Amino acid sequence: MNKNKDFEYYRLKAESFTSQSDLLVNLVNYSRTARIKPQALFLYKGWAKILGKLDKYKQAEAKYRKLCAETPCLAGNYNSWGLLLDDQGKYAEAEEKYLQALKINPVYVDAFVNLAIVLSLQRKFDEAIETYKRTLELTSRDSVVYNNLGSLYLRMGKLEQAIEKYKEAIEICEDYYLPYLNSSVAYLSLGKELEGNRAYENGIKLLGEVPSRREWMIKEYKIFIDQIKEELLILSKKLNV
């Protein structure tokens with residue numbers, strides 16, 4: 001039996017998943033690979049991601065816990081652990097992991113973006129804005145960051161500021177559909193129906209002709225609108241107090 005050959009065989013099979021139906025097969029292959037070389041910690045990140053996709057969160061967290069304990073200097077592991085916690089709605093715990101990642105690597109853009117998102121989800125809006133601003137100091141031409149910042153202002157009821165950020169996102173990347181769709185919510189909230197409808201149509205057009213993708217995005221768009229309505233209602237009640 002050639003352990004190295006078997007290890008590489010199962011590792012490659014484990015890392016080659018292409019669809020949801022492959023995940024269980026790949027989970028088995030990760031287990032086989034780990035049995036051959038238990039010391040191969042670089043496997044654990046992919047293994048944990050597979051477990052997360054299968055909603056086996058406790059097992060996935062155990063893998064990240066072991067990985068981070070053995071390799072505490074790798075910021076990416078903490079960032080991935082944070083994403084797993086984020087998926088479960090454990091935003092405060094996710095925030096902690098992103099902060100750990102940034103302590104190791106203070107210029108880790110992905111961790112900054114993820115941190116800003118969970119801060120926003122916890123309604124820590126001012127902290128989220130400052131985090132996005134720090135991100136833009138590192139990457140001034142990132143349309144995703146401007147789009148996310150626009151959505152944060154939108155949730156805060158700062159509609160004009162939201163539109164400005166969406167415009168900046170579009171200036172950087174004209175083919176990025178999200179700022180069009182998101183800005184349509186801001187325009188419509190301001191009663192600017194013409195601009196809102198135009199932005200919506202532009203966003204939908206950029207989604208292309210794949211029906212499943214269009215249907216999914218339209219569904220997500222409607223959920224986003226409901227969330228914004230709720231945020232604006234909360235804000236309105238606070239202002240009336």
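The residues that line the largest pocket of this predicted model divide into 13 nonpolar, six polar and five charged. The pocket that they surround has a volume of about 850 Å³, and of its 24 lining residues, the closest to the centre are Ile117, Leu121, Asn148, Phe224 and Gln227. If you look for the parts of the chain that build this lining, the elements that give two or more residues to it are helix H7 (109-121), helix H9 (143-155), helix H11 (177-189) and helix H13 (211-240). Among these, H13 supplies the largest share of the lining, namely 10 residues.

The second largest pocket, with a volume of about 200 Å³, is lined by Ala48, Lys49, Gly52, Lys53, Tyr57, Tyr64, Ser80, Leu83, Leu84 and Asp87. Here the elements that contribute two or more residues are helix H3 (43-53), helix H4 (57-70) and helix H5 (75-87). When the residues of this second lining are sorted by character, five are nonpolar, two are polar and three are charged.

From the pockets we can turn to the nonpolar interior. The largest nonpolar core has 52 residues, and those with the most contacts inside it are Leu149, Leu152, Leu154 and Val185. Helix H7, which also gives two or more residues to the lining of the largest pocket, provides the largest share of this core, seven residues. To follow one of these core residues in detail, consider leucine 149, which is in contact with Ile129, Tyr132, Leu136 and Lys165 once its neighbours within four places in sequence are left aside.

Threonine 135 offers another place to pause, and you will find this residue in helix H8, which covers residues 125-138. Is threonine 135 buried or exposed? Threonine 135 counts as buried because its relative accessible area is 0%, while buried means under 20%. Not counting residues up to four places away in sequence, threonine 135 touches Val109, Phe112, Val113 and Val145.

Finally, a careful reader should ask how confident the predictor is in each part of the model. The mean pLDDT of the protein chain is 81, and 75% of its residues reach 70 or more. Over residues 1-15, however, pLDDT stays under 50, and for this stretch the model has 23 contacts beyond four places in sequence.

Terms used: Residues are numbered from 1 along each chain as its sequence is written. This is a predicted model: local features need pLDDT of at least 70, side-chain atom pairs count only at pLDDT 80 or more; totals for chains, interfaces and linings use all residues. Side-chain values use heavy atoms; hydrogens and water are left out. On a 1 Å grid over the protein atoms alone, a cavity is a set of points where a 1.4 Å probe fits but cannot get out, and a pocket is an open set with protein on both sides within 12 Å along at least five of seven lines; lining residues have an atom within 4 Å of a point. Grid points are joined across faces, edges and corners, and a volume is the space filled by probe spheres set on the points. Helices (H or I, at least four residues) and strands (E, at least two) are DSSP runs, numbered from the N terminus. Ala, Val, Leu, Ile, Met, Phe, Trp, Tyr, Cys and Pro count as nonpolar, Asp, Glu, Lys and Arg as charged, and the others, Gly among them, as polar. Buried means under 20% relative accessible area, exposed over 50%, partly exposed in between (1.4 Å probe, protein chains only). Contact means heavy atoms within 4.5 Å. A nonpolar core is a set of buried Ala, Val, Leu, Ile, Met, Phe, Trp, Tyr and Cys residues joined through side-chain atoms within 4.5 Å. pLDDT is the predictor's confidence in each residue, from 0 to 100.
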